[in-house]
Amino acid sequence: PFEHGADIIVHSLTKFMNGHGNSLGGAIVEKGDFNWGASPEKFPILAQPCASYHGMVFYDVFGKDGPVAEMFGTKGKTGMSFAIAARALGLRDAGPCMAPMNAFLINTGIETLPLRIQKHCSNAVAVAEFLTGHEQVQACSYTGLKSNPNNAMINQYCPKGAGSLFTFSLKGGFEAAKQVVNNVKMISLVANLGDCRTLVAHPASM
């Protein structure tokens, strides 16, 4: 996402990253070169004095031109003012600290992420192609299909795969969909979208 203009990336670590769905967690990744100080009225938390830290301005201290960036040898290039403020303010006030065991399990799961995502994507393409050609399926919406109108865009932004989430509708409508989700054997009827297990969700009847 950084290559396409994002400055902050927020990850849920519980599903794909984790690889086993048994630990709650999240991550914030900051690119570090955004000038929060250019618009202090727009970003007061980062670019204006913080009373709870004796008037310190987070961007001045932890931004790309601050002393911390100089200490790390990245002055003029990257800083970490957003990430530090998220910890010093958000973590302090709301307390969303990850449990040590969760951190261990997530870190272990991330080690196999590239291999798992390859299989997630290739499996999704195979299932979506099967559904597209099925006589009882009305439509299948998956950007990984060459027939999808957004396929060129997904190839540009996600060249290694379109992920494994897709939707499909049945010619029989609501009743047919309900019958499918109530009779699947290998596939689980749960709402953990993005988990490592094969699942189906039908919110209209769940």
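Me: Helices (H or I, at least four residues) and strands (E, at least two) are DSSP runs, numbered from the N terminus. This is a predicted model: local features need pLDDT of at least 70, side-chain atom pairs count at pLDDT 80 or more, and totals for chains, interfaces and linings use all residues. Numbering runs from 1 along each chain as its sequence is written, and side-chain values use heavy atoms, without hydrogens or water. Which helix gives the largest share of the lining of the largest pocket?

Reply: A pocket is an open set of 1 Å grid points over the protein atoms alone, where a 1.4 Å probe fits, with protein on both sides within 12 Å along at least five of seven lines; a lining residue has an atom within 4 Å of a point. Helix 7 (113-132), strand 4 (167-170), helix 9 and strand 6 (199-200) each supply at least two lining residues. The largest share, six residues, comes from helix 7.

Me: How many residues line the largest pocket?

Reply: Nearest its centre lie L131, F166, F168, L199 and V200. The full lining counts 36 residues.

Me: What residues does S141 contact beyond its neighbours in sequence?

Reply: S141 sits in strand 3 (residues 137-141). Its C-alpha is 8.7 Å from that of S169, 28 residues away along the chain. Leaving aside neighbours within four places, its contacts (heavy atoms within 4.5 Å) are N148, F166 and T167.

Me: Where is the kink in helix 5 centred?

Reply: Helix 5 covers residues 81-94, 14 residues in total. End to end, its C-alpha atoms span 19 Å, close to the expected 20 Å (1.5 Å times one less than the number of residues). A bend is the angle between axes fitted to the seven residues ending at a residue and the seven starting there. In helix 5 the kink is about 25°, centred on R87.

Me: Which residues of helix 5 are buried?

Reply: Buried means under 20% relative accessible area, exposed over 50%, partly exposed in between (1.4 Å probe, protein chains only). Cover for the buried residues of helix 5 includes strand 2 (26-30), helix 2 (44-47) and helix 3 (58-62). The residues concerned are S81, A85, A88 and L89.

Me: What phi does G95 take?

Reply: G95 comes just after helix 5. Its phi is positive, at about 70°.

Me: Is H54 buried or exposed?

Reply: H54 is found in the loop between helix 2 and helix 3. Its phi is near 55°, positive in a residue other than glycine. Most residues other than glycine have a negative phi. Its relative accessibility is 81%, so H54 counts as exposed.

Me: How many salt bridges does the whole structure hold?

Reply: A salt bridge puts a side-chain nitrogen of Lys or Arg within 4 Å of a carboxyl oxygen of Asp or Glu. K75 and E70 form one, with N and O 3.8 Å apart at the closest. A search of the whole structure gives a total of five.

Me: What N to O distance joins D93 and R92?

Reply: D93 is exposed because its relative accessibility is 57%. R92, at 42%, counts as partly exposed. Their side chains meet in a salt bridge, N to O, at 2.7 Å.

Me: Which helix holds both E175 and K178?

Reply: The two form a salt bridge, with closest N and O atoms 3.7 Å apart. K178 has a relative accessible area of 28%, so K178 is partly exposed. E175 and K178 stand three residues apart, about one turn, in helix 9.
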